[in-house]
Amino acid sequence: MLEVIFFESNQDLLEQLKAGNTPLVICPSPKVADNLRSLVPELEVITISKWTSDHLKNLGLTRSRKSELMIKLSAVWKHYFPNEKTAIFLEAFELFTELRSYTLDLELLGEFFKELDEIIVKSVLVFWTYLDQEKIIDEHLSYKKVTESKLHRSMWFIGFKHMSGVQIDMLKVLSEEQEVEVFFPRPVFQESLPNDWIGWMTEEEPKKSVDNDLQGSVRVAVLPKGKANIILKKFFETHNQYDLVFASTQTSLVSFQEAQKEKSFFKTSEDLFTVEIELLFIELKKLLKEKKQLTVEEMNSLLQAKKIEAGKRGEYRKYKIIELTEVAVKDYSEFQTIIDSFAFDIFQVIIRLNAPRVSILTLEKSIERSFLDVSDLDFRDDEKPTVLLATASMGGFRANEKILSEAMTKALRSIGPIKRAGLDFLFHKYELLSILAKKETALLIEEQVLEADLSWREILKNFEAVDFDLGIKYLIKKIQDYLTPKRKTGPFAQKNYSASKLQAFIDCPQKFYFSYIDKIDNRPEERASLSPDELGSLEHEIIANYFNKISKKSDEIDLDFHRKTCVEVFNAYLVSGKLTLSETEKARAYNEIMHYSWNGIVYLIDLMKTKNAKGIRFEVPLNTNQWNLVGSVDCIVELGDNKIVVIDFKRSSAAAGTKTETMEFRKIQMWVYLLALRQQGLEIESFGYLNLSDLTDMNLIFETEDAQKLMSSSMAPAQEIIEKAINDIQKIIDYIPAPRESKVCHYCSVNLFCLKGGACE
Ligand code: SF4
């Protein structure tokens, strides 16, 4: 039987673990295994990796490592695609390994493949076939093979933050013969989404609590920027036994050194080999340039000579790298006789994967405290008091998340759970909340981190912050009030009113002032990335260009024409804005605009088909009206007989707000459009915001029936609110900072300099 066991807290988990006989405990990593063992020494704990290898061994099988697979598949791929670039191979290989985590059944991926480039699909198929023919067992197939072992007994899975579709299948099969229980923190579950991996194992549905009660107080000391080392020294003088937790997911040696203190323990991984790899390949590439290509024999004798030389000189890191290169050449030469620049690129990736992992740790006779980061917190023995340190340079809890188009997400979502950065954050939040709930905990937070990092606001929202006096005098930069002296008194006459102007006024009079009276554009001319509004306009432009310029209308998106439009619009913008973005940033921005505009186009094609539309228009002006409302509607779909669908594009649901915000007139953009369009005699059939990042988010569209009901009940009050805002703008004297709610500050151009009506002091 497969069962999910929820626990409320680590203490609750501990009690469950200690109650009675425990079966085999399987956990995701050595770190979690160590923590569980030290919490409950009697547990029999094993990592999933060791557990799988042991069962494979009993079946007489072995699992191929990722690096082994990569070198073999690169050589096979080169045979089929001799002229394609290394980047294509790397993209296809990464995608291939990811797809195998969803399913081992190729047929299930048919829908997903429709969304991919042809070369990538062919590459993935070549890899898949090769693995099947050669009967190679990769990580994902190993989970299936494990179910064939007859040596299983009851088991608990503890500490998993993600499980792939293939792992979930494995659990289901295992549970037919023995008890399988998965432990999961209930507070994380309650905030999870139904499609998250845990939802695939339980019938229970998450119920987010709306409890806003305070959960207690937490001692908080705000630090001056860049002075964490001094403050920590002072802190440890009086709190010698405290463990220190860095509020970051990857803490480097430099950060740990910030907290220099004898009798402290820390461990951090260090990369000692990258430079050696770079240097070796600079030498090799020079040679390759002269010779164009090398035979395997030439390469081997070259490496042999270099190895002897490195040994004589005592360059042991270089020696190790040359040895790893020799192994890579050997594997590659099973399928290829020529070594070229493609092979060099692959060797470098492989050698990085296989280079020894090095950790730096403190060696002390006696240890009084540990320095940790949030990735060390899973099931840590938290008997000791803890101080948390958060500085701007730590980077917070950000996690990378792959951006997939809506169609890709939809195709994958039906096969297995998609990994989500938001769920990772919920786990960090759960661990941090359990630390903050202890009354001896202290939080040292650098000035302005609280204002700038939304994660901290989310974590601390139910705590009362109590000033923690460290007994030292230091100056916290009070945010100086630059804005009040700059503001002139009103009223300032306005010729017209756009929806965003009215919204800014309703959100906060000061925001309105610095956006429309004394305009502040704090965007630097030279910048490393595109702002959200720039990305949004590019996405709008691509969608409009696609429909306006495509010659052959169809029920399917024309992928080539879409790609061509994206490239044209994106490149033209980079050139006209004289922007020099890094390659990574360019790729990130391009990836977004391509997927988001794709989502928009697919949605509109579908909408036009369903509603049997007669036409579509973009950037439709509001025309003259009695309120002097100006602006243009992103998209109007014409249904004939003067009936229209009104659509506004948004990059995220956060930008659009919720349906309730529109219904309660806290967001008035749509009401402004409806008011002006109705005055033109147009009949509005339906309307709403289209969230370009997630087409499943249909929460923002008011479909026909709802739209009609809402308009008949709310058009009059909406008009009143709009007229009141116009009236107030005409009369206002003092543009005070009075945010309607805290989130309106996030998108405000003076956010960094604003005291927010004293709210953030
Ligand atoms: S940061 Fe907030 S309070 Fe300050 S002006 Fe902007 S919206 Fe108003």
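## The parallel sheet

Helix 2 (residues 30–39) lies across strand 2 (24–27) and strand 3, and its direction makes about 175° with strand 3. This is a predicted model, and the sheet that carries these strands is a good place to start. Five strands make up this open sheet, in the order 1-5-4-2-3, and their pairing is parallel. Its edges are strand 1 (2–7) and strand 3 (45–47), each of which has a single partner strand, so one side of each has no neighbour in the sheet. Averaged over neighbouring strands, and with direction ignored, the turn from one to the next is 30°.

How many bridges join strand 1 to strand 5? There are six, and strand 5 (residues 180–185) runs parallel to strand 1. If you would like a pair to look at, I5 has F183 of strand 5 as its bridge partner.

## The mixed sheet

A second stop is the open sheet with the strand order 18-20-21-22-23. This sheet has five strands, and here the pairing is mixed. Strand 18 and strand 23 (701–702) are the edge strands, each pairing on one side only.

Let us walk across the sheet from strand 18. Strand 18 (residues 615–621) runs antiparallel to strand 20 (residues 632–640), and six bridges join them. In this pairing P621 is matched with S632 of strand 20. Strand 20 is in turn joined by five bridges to strand 21 (residues 643–650), again in an antiparallel arrangement. There, I636 has V646 of strand 21 as its bridge partner. Strand 20 and strand 21 form a hairpin, with two residues between them, and D641 in the turn has a positive phi of about 50°. At the far end of the order, strand 22 (residues 683–691) and strand 23 run antiparallel and are joined by two bridges. F687 is paired with F702 of strand 23. Helix 24 (residues 532–549) packs on this sheet and touches strand 18, strand 20 and strand 21, its direction making about 140° with that of strand 18.

## Helix pairs

Three helix pairs are worth a visit. In the pair formed by helix 14 (residues 296–313) and helix 15 (residues 316–332), the packing angle is about 165° and the axes are 9 Å apart. An angle over 145 counts as roughly antiparallel, and helix 14 and helix 15 are therefore roughly antiparallel to each other. Their crossing is left-handed. Helix 14 contributes V296, M299, N300, L303, K306, K307, A310 and G311 to the contact, and helix 15 contributes K318, Y319, I322, E323, T325, E326 and V329. By class, that contact holds seven nonpolar, three polar and five charged residues.

How do helix 29 (residues 669–679) and helix 30 (residues 704–731) lie, at what angle do they cross? Their axes come within 10 Å and cross at roughly 100°, so helix 29 and helix 30 are roughly perpendicular to each other. W671, V672, L674 and L675 of helix 29 meet M711, M715, A718, Q719 and I722 of helix 30. This contact has eight nonpolar residues, one polar residue and no charged ones.

Helix 22 (residues 499–507) and helix 23 (residues 509–517) pack with their axes 5 Å apart, at an angle of about 140°. Helix 22 passes helix 23 in a right-handed crossing. The residues in contact are K501, A504, F505 and D507 from helix 22, together with P509, K511, F512, S515 and Y516 from helix 23. Five of these residues are nonpolar, one is polar and three are charged.

## The ligand shell

Which residues are closest to the ligand? They are C508, P737, C745, C748 and C754, out of 14 residues that surround the ligand. By class, the shell divides into eight nonpolar, three polar and three charged residues.

## Backbone details

Most residues other than glycine have a negative phi, and most peptide bonds are trans. Against that background, two loop positions invite a closer look. G490 and P491 are joined by a cis peptide bond, with omega at about -5°. P491 sits in the loop between helix 21 (483–486) and strand 17 (497–498). N612, a residue other than glycine, has a positive phi near 55°. N612 belongs to the loop that lies between helix 26 (583–610) and strand 18.

Methods. Residues numbered from 1 in each chain as written. Predicted model: local features only at pLDDT ≥ 70, side-chain atom pairs only at ≥ 80, totals over all residues. Axes fitted to C-alpha atoms, helices over the stretch in contact; angles between N-to-C directions. Helix = DSSP H or I, 4+ residues; strand = E, 2+ residues; numbered from the N terminus. Left-handed = near helix turned anticlockwise from the far one by under 90°. Contact = placed C-beta atoms within 7 Å. Nonpolar A, V, L, I, M, F, W, Y, C, P; charged D, E, K, R; others polar. Near = placed C-beta within 6 Å. Pairing = 2+ DSSP bridges. Parallel < 35°, antiparallel > 145°, perpendicular 65-115°, else oblique.
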